[in-house]
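Reader: I am new to this structure and would like a friendly tour. Could you take my questions one at a time?

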Amino acid sequence: MNNTEQHIEIWNSCLSIIENIIEPQKFNMWFKPLKPVSFKDSTITLEVPTEFFREYIEGTYLDLLKATLKRVIGTDARLIYKVRPVQSEQSMRFPATKESTPVNGPMNVPVYPSAGNPGPFVFPGLARVTVNPRLNPTYCFGNLVVGECNKMGITAGESISMSPGKTPFNPLFLFGGPGLGKTHLAQAIGIEIKKRFPELVVLYVTGNEFKTQYMDAAFVKNKLTDFMAYYSRIDVLIVDDIHELSGQGTQTAFFSVFNHLHETGKQLIFTSDRSPADLQNFEERLLSRMKWGLSVELQRPSYQTRLEMLKVRSFREGVSISDEVLEFLAARIKSNFRELEGALISLVARATLCHQEITVELAKTISNQIVGEEETEISIEKVQNTVCGYFNITKEDILSKSRKRNIVQARQIAMYLSRNMLKCSLSTIGAELGGKDHATVMHACSTVSDMMSTDRNFKKFVTDIERLLVAEGE
């Protein structure tokens, strides 16, 4: 055997065994993407697309992998994973803007008579209904830029697209701040499902729209029955901004829809500006179901991801912009994709309408209108540093497990300010402040709020630090 090809031959032997054991769809989804890298001293190294991919393989197929490797290599067989770097992925997929608009085929929905309550001898008729999936073809996977900020969500979304309702990611709960691509990713999954499974009925709706539809149906005799029958026929339900789903009646109706669709193997996808643990005024039974599948937080994009997004969008607009200008915008606007995209469109419009050349100076003028003249980003790290400076403690102190009163107090104030000034999720704050869980962060925020209302000196500490942070951000 040629040593340079030994790892390939060994892995191909493993694949031939595994292929005869698991379903073809799962084999193609989880084993085909694995790439053999090297083999030495009974150890084979496999390259996996993402860290998320590795975690799923480990959790689901580890025993199968162990048995197969021992059979092919021997009892000393060992496995090492190598995560493929994001830079090597084809993150700029130019650009799938000509996708056709997805459509659903007609479906039969039971419709009850408009008068009288449906009883055992009142039978529904059948209405032939065509559901508009309400998917924007621009929001496809081809127009997503892959980065550390979103690759876990994209990987899960692509898996769902190949087997909707049959993966562990049901429901898929995408959360994060505004402009981070939650709606784009959720709709991309729906678009891809319609391409692969045209017969499935896909529907995108916002939480507020669902609530309005429910309220309209609740005040018309028998229309609530029609409303529930309509939603029970959906194969893939995408609810954007699910945090808007307020009201006991609305949540009771949605609870019934959720249960029916989940139990019948339909796919559920939700987006929110906060994690399931942070949803306010939600019934506990509904919250518990939100956590059944996979929750993914979309993070703020890195500089490299922001730059690649600008290149994709400028290509889509058909304009040639120098790397110098794009690099300036990527470095200047850090908060989210929406602001970045808005700056680019404004720049192109200004240059076109005013017959100006697209320069760094013009980009500076446009970006100042979006982020301010001397914008300085406030981050969790900046909150930590400001709190440490105010109380004259070290960053190691605030990240430690110390239970000294002054350290605990400073740590809780940092958590409170990160939550109230930056609107970060509880899980993100906990991870950044010493690996605390969301319950600890929630308790800290509640404690600081209570202390501020009862202790004048404590309130001064918090307001002083707020002023310092605002002054640094201006």
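What follows is a set of questions and answers about this predicted model.

Reader: Let's begin with a helix. Which face-forming residues of H1 are buried, and within what arc do they fall?

Author: Helix H1 covers residues 6-19. Its buried residues are His7, Ile10, Trp11, Cys14, Leu15, Ile17 and Ile18. Looking down the axis of H1, these buried residues line one face of the helix, because they fall within an arc of 160°.

Reader: How far does H1 reach from its first C-alpha to its last?

Author: H1 has 14 residues, and at 1.5 Å a residue the expected reach is 20 Å. The model comes close to that expectation, with a reach of 20 Å.

Reader: And how far does H16 reach from its first C-alpha to its last?

Author: H16 runs over residues 405-422 and has 18 residues. Its buried residues include Ile407, Val408, Met415 and Leu417. At 1.5 Å a residue one would expect 26 Å, and H16 is close to this with 25 Å.

Reader: Now the strands. In which sense do E6 and E10 pair, and which residue stands opposite Leu174?

Author: Strand E6 spans residues 172-175, and its pairing with E10 runs over 4 bridges in the parallel sense. Within E10, the residue opposite Leu174 is Val296.

Reader: Which residues make up the covered face of E10?

Author: Strand E10 takes in residues 294-297. Ser295 and Glu297 belong to its uncovered face. The covered face is made up of Leu294 and Val296.

Reader: How many salt bridges does a search of the whole structure find?

Author: Side chains of opposite charge can pair when their charged atoms come close. One such pair here is Glu192 with Arg196. Searching the whole structure gives a total of 13 salt bridges.

Reader: How far apart are the closest N and O atoms of Glu192 and Arg196?

Author: Both residues sit in helix H5 (residues 182-196), 4 residues apart, about one turn of the helix. Glu192 is buried at 17% relative accessible area, because buried means under 20%, while Arg196 is partly exposed at 44%. In their salt bridge, the closest N and O atoms are 3.4 Å apart.

Reader: How many residues apart in sequence are the parts that Arg419 and Asp278 tie together?

Author: Arg419 and Asp278 form a salt bridge, with their closest N and O atoms 3.7 Å apart. Arg419 is in helix H16, whereas Asp278 is in the loop between strand E9 (267-272) and helix H9 (284-290), so the pair ties together parts that are 141 residues apart in sequence.

Reader: Of Arg419 and Asp278, which one is buried?

Author: Arg419 has a relative accessible area of 22% and is partly exposed. With a relative accessible area of 1%, the buried one is Asp278.

Reader: Which residue forms a salt bridge with Arg467, and which residues are joined into a network with Glu192?

Author: Arg467 is exposed, with a relative accessible area of 56%. Its partner lies 3 residues away in helix H19 (residues 456-473), about one helical turn, and is buried at 16%; that partner is Asp464. Elsewhere, salt bridges that share partners link Glu192 into one network with Lys195 and Arg196.

Reader: Where is there a cis peptide bond?

Author: Most peptide bonds are trans. Here, a bond with an omega of about 5° is cis, and Pro171, one of its two residues, lies in the loop between helix H4 (151-162) and E6. The cis bond joins Asn170 and Pro171.

Reader: What is the phi of Asn392?

Author: Most residues other than glycine have a negative phi. Asn392 is in the loop between helix H14 (380-391) and helix H15 (395-399), and is exposed at 71% relative accessibility. Although Asn392 is not a glycine, its phi is positive, about 55°.

Reader: Last one: which residues form a nonpolar patch on the surface?

Author: One member, Phe219, is in the loop between helix H6 (207-218) and helix H7 (223-232). Phe219 counts as exposed because its relative accessibility is 73%, and exposed means over 50%. Together the patch has about 340 Å² of accessible area, and its members are Met215, Phe219 and Val220.

Terms used:
Residues are numbered from 1 along each chain as its sequence is written. This is a predicted model: local features need pLDDT of at least 70, side-chain atom pairs count only at pLDDT 80 or more; totals for chains, interfaces and linings use all residues. Side-chain values use heavy atoms; hydrogens and water are left out. Helices (H or I, at least four residues) and strands (E, at least two) are DSSP runs, numbered from the N terminus. The expected span of a helix is 1.5 Å times one less than its number of residues. Buried means under 20% relative accessible area, exposed over 50%, partly exposed in between (1.4 Å probe, protein chains only). The arc is that of the directions from the helix axis to the C-beta atoms. Patches are made of residues with over 30% relative accessible area and no salt bridge: like charges are joined within 9 Å, nonpolar side chains (Val, Leu, Ile, Met, Phe, Trp, Tyr) within 5 Å. Accessible areas come from the Shrake-Rupley method with a 1.4 Å probe; for residues, only the protein chains shown count as cover. A salt bridge is a side-chain nitrogen of Lys or Arg within 4 Å of a carboxyl oxygen of Asp or Glu. Two strands pair if DSSP finds at least two bridges between them.
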